[in-house]
Amino acid sequence: MSNLCEEKHFNAFYLSHVKAAHNFAFYKCGDQSKSYDLVQDAFAKIWENCSQIDYSKAKTYLFTTVNNLFLNVMRHQKVVFTYAKEAPYRDQTNLNPEYLLEEEEFKTKLQKVIANLSAEQREVFLLNRIEDKKYREIAVLLNISQKTVEKRMSAALKAIRSQLEGIKI
C-alpha cells in the first residue's frame with residue numbers, strides 16, 4: 001500500500017492527477033491562473049495532511065479540497081461584492097483622505113478577522129450575515145443542530161468583536 005508521505009508516492013500521485021484536477025478547477029472558476037492556484041493549494045493541503053489520508057481515497061480528497069477551496073474563494077468574493085453593493089455611493093473626491101484610509105484599513109482588518117475564524121465559524125457567519133439565512137436554515141443546510149449553529153455564530157461574533165473593538169456587528 002502506498003503512503004502519500006513518501007515523496008516518490010506523492011510525486012507519482014501528483015503527476016497522475018494534476019491535469020484532471022486542473023481541468024476540474026478550470027471548469028469551476030473559468031480562469032487558468034486561479035485554477036492552477038486552487039490545484040496547488042489542494043496538493044499542499046494533501047501534503048500537509050498526508051499521514052491522515054488513505055491513499056485509496058486521496059483522489060476523492062483532492063477533488064473535494066479543490067471544490068472547497070473554490071467555494072471559499074467564492075464566499076470571500078461574495079462578501080466583497082455585497083459590501084461594495086451596500087456601500088452608499090459617494091463622490092470619492094469630496095471625502096476626507098484620512099477617513100478613506102481608515103475605511104480601507106477597517107475593511108482589510110475585517111477581511112483578515114473573518115479569514116482567521118475557523119472554517120465552521122466562518123461558514124455560519126457568512127451564511128447568516130451575508131446570505132441572510134436563519135439559524136434553522138443553516139442547520140438544515142449544513143446537516144448540524146441549530147444549537148451547534150448558535151454556538152458557532154456566538155464564537156465567531158465573540159472573536160470578531162474582540163479584534164474589532166468598539167465596532168457594532
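1. In this predicted model, one helix-to-helix contact brings Tyr 135, Arg 136, Ile 138, Ala 139 and Leu 142 of helix 6 against Gln 146, Val 149, Glu 150, Arg 152 and Met 153 of helix 7. By character, the residues of this contact comprise 6 nonpolar, 1 polar and 3 charged.

2. The geometry of that contact deserves a separate remark. Helix 6 covers residues 135–142 and helix 7 covers residues 146–163. Their axes are 8 Å apart and meet at an angle of about 110°. Helix 6 is therefore roughly perpendicular to helix 7, because angles of 65 to 115 degrees are given that description.

3. The aromatic residues form a second topic. The structure contains 6 aromatic pairs. One of them joins Phe 13 and Tyr 55, with 6.2 Å from centre to centre and 65° between the planes. This pair is classed as edge-to-face, because that class takes planes over 60 degrees apart.

4. Where in the chain do Phe 13 and Tyr 55 lie? Phe 13 belongs to helix 1 (residues 7–29), whereas Tyr 55 sits in the loop between helix 2 (32–48) and helix 3 (58–86). The two residues are 42 residues apart in sequence, so their pair ties together separate parts of the chain.

5. Are Phe 13 and Tyr 55 buried or exposed? Phe 13 has a relative accessible area of 1% and is buried, because buried means under 20%. Tyr 55, at 27% relative accessibility, counts as partly exposed.

6. Phe 13 and Tyr 55 also belong to a wider group. Together with Phe 10, Tyr 14, Phe 43 and Trp 47, they form one aromatic cluster.

7. The count of disulfides comes to 1. This disulfide joins Cys 5 to Cys 50, with an S to S distance of 2.0 Å. The link of Cys 5 and Cys 50 is right-handed, with 105° about the S-S bond. It connects distant parts of the chain, since Cys 5 is in the segment before helix 1 and Cys 50 is in the loop between helix 2 and helix 3, 45 residues apart.

8. The two cysteines are assigned to separate accessibility classes. Cys 5 counts as partly exposed, at 31% relative accessibility. Cys 50, with a relative accessible area of 10%, is buried.

9. A final point concerns the loop between helix 2 and helix 3. This loop holds Tyr 55, the partner of Phe 13 in helix 1, and it also holds Cys 50, which is linked to Cys 5 in the segment before helix 1.

Notes
Residues are numbered from 1 along each chain as its sequence is written. This is a predicted model: local features need pLDDT of at least 70, side-chain atom pairs count only at pLDDT 80 or more; totals for chains, interfaces and linings use all residues. Side-chain values use heavy atoms; hydrogens and water are left out. Axes are lines fitted to C-alpha atoms, for helices over the stretch in contact, and angles run from 0 to 180 degrees between N-to-C directions. Helices (H or I, at least four residues) and strands (E, at least two) are DSSP runs, numbered from the N terminus. Angles under 35 degrees count as roughly parallel, over 145 as roughly antiparallel, 65 to 115 as roughly perpendicular and the rest as oblique. Contact means heavy atoms within 4.5 Å. Ala, Val, Leu, Ile, Met, Phe, Trp, Tyr, Cys and Pro count as nonpolar, Asp, Glu, Lys and Arg as charged, and the others, Gly among them, as polar. Rings of Phe, Tyr and Trp (its six-membered ring) pair if their centres lie within 6.5 Å; planes under 30 degrees apart count as stacked, over 60 as edge-to-face and the rest as tilted. Buried means under 20% relative accessible area, exposed over 50%, partly exposed in between (1.4 Å probe, protein chains only). A disulfide is a pair of cysteine sulfur atoms within 2.5 Å.
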